[in-house]
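Student: I should like to learn how to read a protein structure step by step. Could the Tutor guide me, beginning with the chain as a whole?

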Amino acid sequence: MQITEIFKSIQGESTYAGMPCVFVRLTGCNLRCNWCDSEYTFTGGHRRTLEEVLEEVKQLSAGGLVEITGGEPMLQEREVVPLMQRLLDDGYTVLLETSGERPLERVPKGVTKIVDVKCPNSGEDGTFRIENLAALGSQDEVKFVLSDRGDYEFAREFVTRHDLERRVKAVLFSPAFRKDASGERDVSHCLLDPRELAEWMLADNVPARLGLQIHKFIWDPALKGV
Ligand code: SF4
């Protein structure tokens with residue numbers, strides 16, 4: 001499979017935020033989100049066999065959390081599905097970060113899917129494959145990255161229309177981060193003020209949790225491999 005990087009860091013989003021995690025970042029994405037912070041994954045990378053990836057993960061951590069991310073990892077489904085199964089068999093807790101544009105029904109049971117449903121300001125709304133709702137279960141999470149009130153209303157309606165609170169473990173609303181952010185790290189780098197988002201969520205009683213990308217506050221947002 002084509003790999004951009006494998007590294008250990010702190011999980012920055014999802015209900016696993018704050019936990020040590022090995023990230024396997026696959027090369028290539030079929031979307032072009034306006035605020036994408038991973039454009040360096042679009043091309044390049046290195047060919048790695050499944051065994052080589054497993055060995056590298058093992059060198060970084062003998063157990064615990066592994067996140068398969070990208071780019072869009074499900075573009076390499078033929079190789080990434082067996083990788084996820086092997087990681088599960090070896091006792092890892094496996095997270096899959098995906099846009100949900102590719103089919104998810106062949107993701108092994110036991111993998112926690114974190115599905116990033118694209119909102120209007122990303123420029124890629126409508127790309128979530130609606131059939132994938134049937135593949136979501138009680139351990140999965142659905143995330144919306146928001147940059148304005150229109151995105152928030154889109155996400156709020158999506159959650160209600162598809163009864164996400166009942167379908168999945170958690171619904172996450174997260175302010176988008178400016179992709180040119182670097183150096184100083186504070187909420188002024190968020191495209192949507194977290195306080196404003198919190199007030200909207202409280203006013204509407206949205207069954208979602210507010211998430212901040214904590215890795216962006218710990219390290220320089222422009223750094224790779226963190
Ligand atoms: S799906 Fe992810 S990697 Fe692809 S363009 Fe959007 S934010 Fe970037």
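Tutor: We begin with overall size, and please keep in mind that this is a predicted model. A compact globule of 226 residues would have a radius of gyration near 17 Å, and the chain has 17 Å, so the two agree. Along its principal axes, the C-alpha trace spans about 50 × 40 × 30 Å.

Student: What percentage of the residues in the chain is buried?

Tutor: A residue is called buried when its relative accessible area is under 20%. Of the 226 residues in the chain, 52% are buried. One may also ask how far apart in sequence the contacting residues lie. Among contacts between residues at least 6 apart in sequence, 69% join residues at least 24 apart.

Student: How many helices and strands does the chain have?

Tutor: The chain has 6 helices and 9 strands. To read a sheet, one follows the order of its strands. Here an open sheet of 9 strands runs β3-β1-β2-β4-β5-β6-β7-β8-β9, and its pairing is mixed. At the edges stand β3 (46-47) and β9 (209-210), each of which pairs on one side only.

Student: Which helix packs on the sheet, and which strands does the helix touch?

Tutor: Helix α1, residues 50-60, packs on the sheet and touches β1 (2-10), β2 (20-26), β3 and β4 (65-69). The direction of α1 makes about 15° with that of β1.

Student: In which sense do β1 and β2 pair, parallel or antiparallel?

Tutor: One compares the directions of the two strands. The pairing of β1 and β2 is antiparallel and extends over 7 bridges; within it, K8 has V22 of β2 as its bridge partner. By contrast, β2 and β4 run parallel and are joined by 5 bridges, and C21 stands opposite L65 in β4. Strand β2 is also mostly covered, with 6 of its 7 residues buried.

Student: How many bridges join β5 to β6?

Tutor: Strand β5 (residues 93-98) is joined to strand β6 (residues 112-116) by 4 bridges, and these strands run parallel. E97 has I114 in β6 as its bridge partner.

Student: Finally, which residues surround the ligand?

Tutor: To read a ligand site, one lists the surrounding residues and then sorts them by character. The ligand is surrounded by C29, L31, R32, C33, W35, C36, F42, G71 and K118. This shell divides into 6 nonpolar, 1 polar and 2 charged residues.

Conventions. Residues are numbered from 1 along each chain as its sequence is written. This is a predicted model: local features need pLDDT of at least 70, side-chain atom pairs count only at pLDDT 80 or more; totals for chains, interfaces and linings use all residues. Side-chain values use heavy atoms; hydrogens and water are left out. A residue is near a molecule or strand if one of its heavy atoms lies within 4 Å of it. Ala, Val, Leu, Ile, Met, Phe, Trp, Tyr, Cys and Pro count as nonpolar, Asp, Glu, Lys and Arg as charged, and the others, Gly among them, as polar. Two strands pair if DSSP finds at least two bridges between them. Contact means heavy atoms within 4.5 Å. Axes are lines fitted to C-alpha atoms, for helices over the stretch in contact, and angles run from 0 to 180 degrees between N-to-C directions. The radius of gyration is taken over C-alpha atoms; the globule rule is 2.2 Å times the number of residues to the power 0.38. Buried means under 20% relative accessible area, exposed over 50%, partly exposed in between (1.4 Å probe, protein chains only).
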